[in-house]
Amino acid sequence: MKALVTANFDDANLNRLRDELGMEVDYRPIEERSKRLSSSELEDLLEGVDVFVVGYEGVSAELMNAAEDLQLIACARGGPDANVDIAAATEHGIPVLYAPGRNAVSVADFTFGLILAVVRNIARSHHLLHTGTYTGEPVADAADSGERDDVTWGIANGSPYVELSGPELQGKTLGIVGLGAIGRNVAQRADGFGMELLAFDPFVDAEEMTEHGIEKSDLDDLCERSDIVTVHCPMTDATRGLIGEAEFDLLSHDAYFVNTARGAIVDQDALIEALRSDELAGAALDVYDQEPLPDDHPLLELPNVVTTPHLAGAADEVVDRHSAILTHDIAAVLAGREPDHVANEAALAGPTADNDG
């Protein structure tokens, strides 16, 4: 049995594929390439392949038609429908495994890093120091001016102590849009900071939220009441443009907005206008409607925005986690057992009549 692995995978689970499952593994990790493999490259590589462990390459119906020996797709993502044609895989009788929650801890950690960075001006003060603002000669004798010896920047008007002051998180309300694995991990961290929690998620009922110390809310109410809004819902037709001008109008001018989900969930022009007009105190963003950001993008000019280049899920442990999840389920399918995470359970019964060769 042959496997093609184009996702980053850890050594322990590569060895399981080879030794325990007896596979011949062609390993072509993302980290050793400059770009995704093209469809034509994949078509050549999938010749004679039974199991395809994919990261971010597209797996289309046409590719499945060409890959005559393909029996199983394992997608190293929390949502395989972003790059795998699930309907086509089901017609071919190809189960699609995936790894939900693989980066939930990573993204939740990063989200709180962004919250602290923007609310307490950590990123902004770092930038100002590195670009020459607030630097200069140390105060020779702070005691002469009535200041304590250990306060060298001063605390008067114009000092960083005044200009870069920000609110504590304790007692503030965090509004979470999307209460899946990532949203719940964010809620756990917020609880540790002593925050009040609201969540908007049509697929999670109020009783379940209450069990986690979260109040269920609709989107308008969440925006009106939250000091910080953070987005963790998947990108779907229903969530495209979910947060726009109307939602930003409902937010307090003292509120902050955080997005580590997908850029298209937010009307970015409306966000920029809200920031420019001081309708929002600030924003922290890891995702955008254009990636990479152009050099002249307006978000890069706004002092009340923290920007990072789509790396919330880039923790060292994520590869280990999705490798273990997928290898466990690959072994289950090959042994005739039910996998824990399959996007198209119907495919476990084999191809549909139209594709039954």
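**Chatting through some helices, a buried asparagine and a few odd angles**

Q: What's the phi of D278, just after α12?
A: D278 takes a positive phi of about 60 degrees there. One heads-up: this is a predicted model, where local features need pLDDT of at least 70, side-chain atom pairs count only at pLDDT 80 or more, and totals for chains, interfaces and linings use all residues. Residues are numbered from 1 along each chain as its sequence is written, and side-chain values use heavy atoms, leaving out hydrogens and water.

Q: OK, and which residues of α12 are buried?
A: Helix α12 covers residues 268–276, and its buried ones are Q268, A270, L271, I272, A274 and L275. Buried means under 20% relative accessible area, exposed over 50% and partly exposed in between (1.4 Å probe, protein chains only). Helices (H or I, at least four residues) and strands (E, at least two) are DSSP runs, numbered from the N terminus.

Q: What covers those buried residues of α12?
A: The cover includes α11 (245–250), plus β10, β11 and β12.

Q: And what does D267 reach at the start of α12?
A: A side-chain oxygen of D267 comes to within 3.2 Å of the backbone nitrogen of D269. That's a polar contact (N or O atoms within 3.5 Å, one able to donate a hydrogen and the other to accept it).

Q: You mentioned β10. Is N259 in that strand buried or exposed?
A: N259 is buried, with a relative accessible area of 2%. Strand β10 runs over residues 256–259, and N259 sits in it.

Q: Which backbone atoms does the N259 side chain reach?
A: Two to look at: the backbone nitrogen of A261 at 2.9 Å, and the backbone oxygen of R262 at 3.1 Å.

Q: Which residues does N259 touch further along the sequence?
A: Leaving aside residues up to four places away in sequence, N259 touches V231, V266, A284, L285, D286 and V287. Touching, or contact, means heavy atoms within 4.5 Å.

Q: New topic: how do α5 and α8 pack?
A: α5 and helix α8 (residues 181–192) pack at about 45 degrees, and their axes are 8 Å apart. That angle is why α5 and α8 count as oblique to each other. On the α5 side, A104, V105, V107, A108, D109, T111 and F112 meet A181, I182, N185, V186, R189 and A190 in α8.

Q: What about α1 and α13, at what angle do they cross?
A: Roughly 15 degrees, with the axes of α1 (residues 11–20) and α13 (residues 316–334) coming within 9 Å. So α1 and α13 are roughly parallel to each other. For the labels, under 35 degrees is roughly parallel, over 145 roughly antiparallel, 65 to 115 roughly perpendicular, and the rest oblique.

Q: Which residues of α1 meet α13?
A: N13, R16 and L17 do, and their partners in α13 are D320, S323, A324, T327, H328, I330 and A331.

Q: Back to odd angles. Where is N121, and what's its phi?
A: N121 lies in the loop between α5 (104–119) and α6 (122–130). Phi of N121 is near 60 degrees, a positive value in a residue other than glycine. N121 is also buried, at 13% relative accessible area.

Q: And what's the phi of Y134?
A: Near 70 degrees, again a positive value in a residue other than glycine. Y134 is in the loop between α6 and α7 (160–163), and at 23% relative accessibility Y134 counts as partly exposed.

Q: Last one: what kind of peptide bond joins E291 and P292?
A: A cis one, with omega about -5 degrees. P292 is in the loop between β11 (282–285) and β12 (305–307).

Terms used: Axes are lines fitted to C-alpha atoms, for helices over the stretch in contact, and angles run from 0 to 180 degrees between N-to-C directions.
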